[in-house]
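Here's a quick tour of one strand and what sits around it. Have the structure open while you read.

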Amino acid sequence: MPELVERIDVEASPERVWEVLTDWVGQGEWMVATDVETVGGPAQGVGGRLAARTGLPLPGGRHLGLLDTMVITKWDPPRLVEVQHTGRVIRGPGIFEIEPRGEHATFVWTERFYLPWGWSGVVLTPGWYAVRPFVRWGVRRSLRRFAAVAARSEGAAPR
C-alpha cells in the first residue's frame, strides 16, 4: 500500500493547530486547490462525514474536479484525527497527528492509499510512482500554508 508522510513544525499551540485543522470548511484557506464541506452535521467526532473537492477553482470558492468523501474514524483532541477516504478513486486512511513541541506543535500528515480495482490495481502501482512527486508537492505546499494560517492567528511567524 503506497504511503505518504509529511510533517511541519508550527509556531502555534497544539490546541490552536487542532482548531485550524478541524475547521473543515476553513481548510480551503490552506489546502491546495481544495474545498471541504461537512455532510449531515458538524463532523466534530467519530462518524462525522466530509466531502472534499480538489481541482479547478470556480466562483464562490468551490472546485471542479475529484470528489473525495471521508468518514472520521478516530477523534482524540488535540492530538489525532483519522479519516477513512471512501471515494471511488481515493481510498484508505488519512491520519493527522499533532505532536507537542514545547509551547508549539509539529503537524504530521499521513496518507495511506488503497489501490483501486482490487488486484487489478496492482498493475497501476507504477502510476502511483509517476504522480507521487505531484501529490507530495501539494501536501508540502498545503502544510506550509497551514503553518502560516495557524501561526498568524497565534501571533507568531511560521517556521
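E6 sits across from W109 of β7 in this predicted model. That pair belongs to the antiparallel match between β1, residues 3-10, and β7, which is held over 8 bridges. On the β6 side, I98 has F107 of β7 as its bridge partner. Strand β6 covers residues 91-101 and runs antiparallel to β7, with 8 bridges joining them.

Here are the two pairings side by side:

| Strand paired with β7 | Sense | Bridges | Facing residues |
|---|---|---|---|
| β1 (residues 3-10) | antiparallel | 8 bridges | E6 and W109 |
| β6 (residues 91-101) | antiparallel | 8 bridges | I98 and F107 |

β6 and β7 form a hairpin with 2 residues between the strands, and G102 there takes a positive phi near 65 degrees.

How many of the 9 residues of β7 are buried? The count is 7, so to speak of residues 104-112 as mostly covered is fair, given that buried is under 20% relative accessible area.

Now for the nonpolar side of things. The largest nonpolar core has 31 residues, and F107 and W109 are among those with the most contacts inside it, along with V10, V17, L21, W30 and F146. Elements giving two or more residues to this core include β1, β6, β7, α1 (14-21) and α2 (125-154). Of these, α2 gives the most, with 6 residues. In soluble globular proteins, nonpolar side chains tend to be buried together.

V10 is a handy place to see this up close. Leaving aside neighbours within four places in sequence, V10 is in contact with V17, R101, H104, A105, F107, F146, A147 and A150.

Technical notes:
Residues are numbered from 1 along each chain as its sequence is written. This is a predicted model: local features need pLDDT of at least 70, side-chain atom pairs count only at pLDDT 80 or more; totals for chains, interfaces and linings use all residues. Side-chain values use heavy atoms; hydrogens and water are left out. Buried means under 20% relative accessible area, exposed over 50%, partly exposed in between (1.4 Å probe, protein chains only). Helices (H or I, at least four residues) and strands (E, at least two) are DSSP runs, numbered from the N terminus. Two strands pair if DSSP finds at least two bridges between them. A nonpolar core is a set of buried Ala, Val, Leu, Ile, Met, Phe, Trp, Tyr and Cys residues joined through side-chain atoms within 4.5 Å. Contact means heavy atoms within 4.5 Å.
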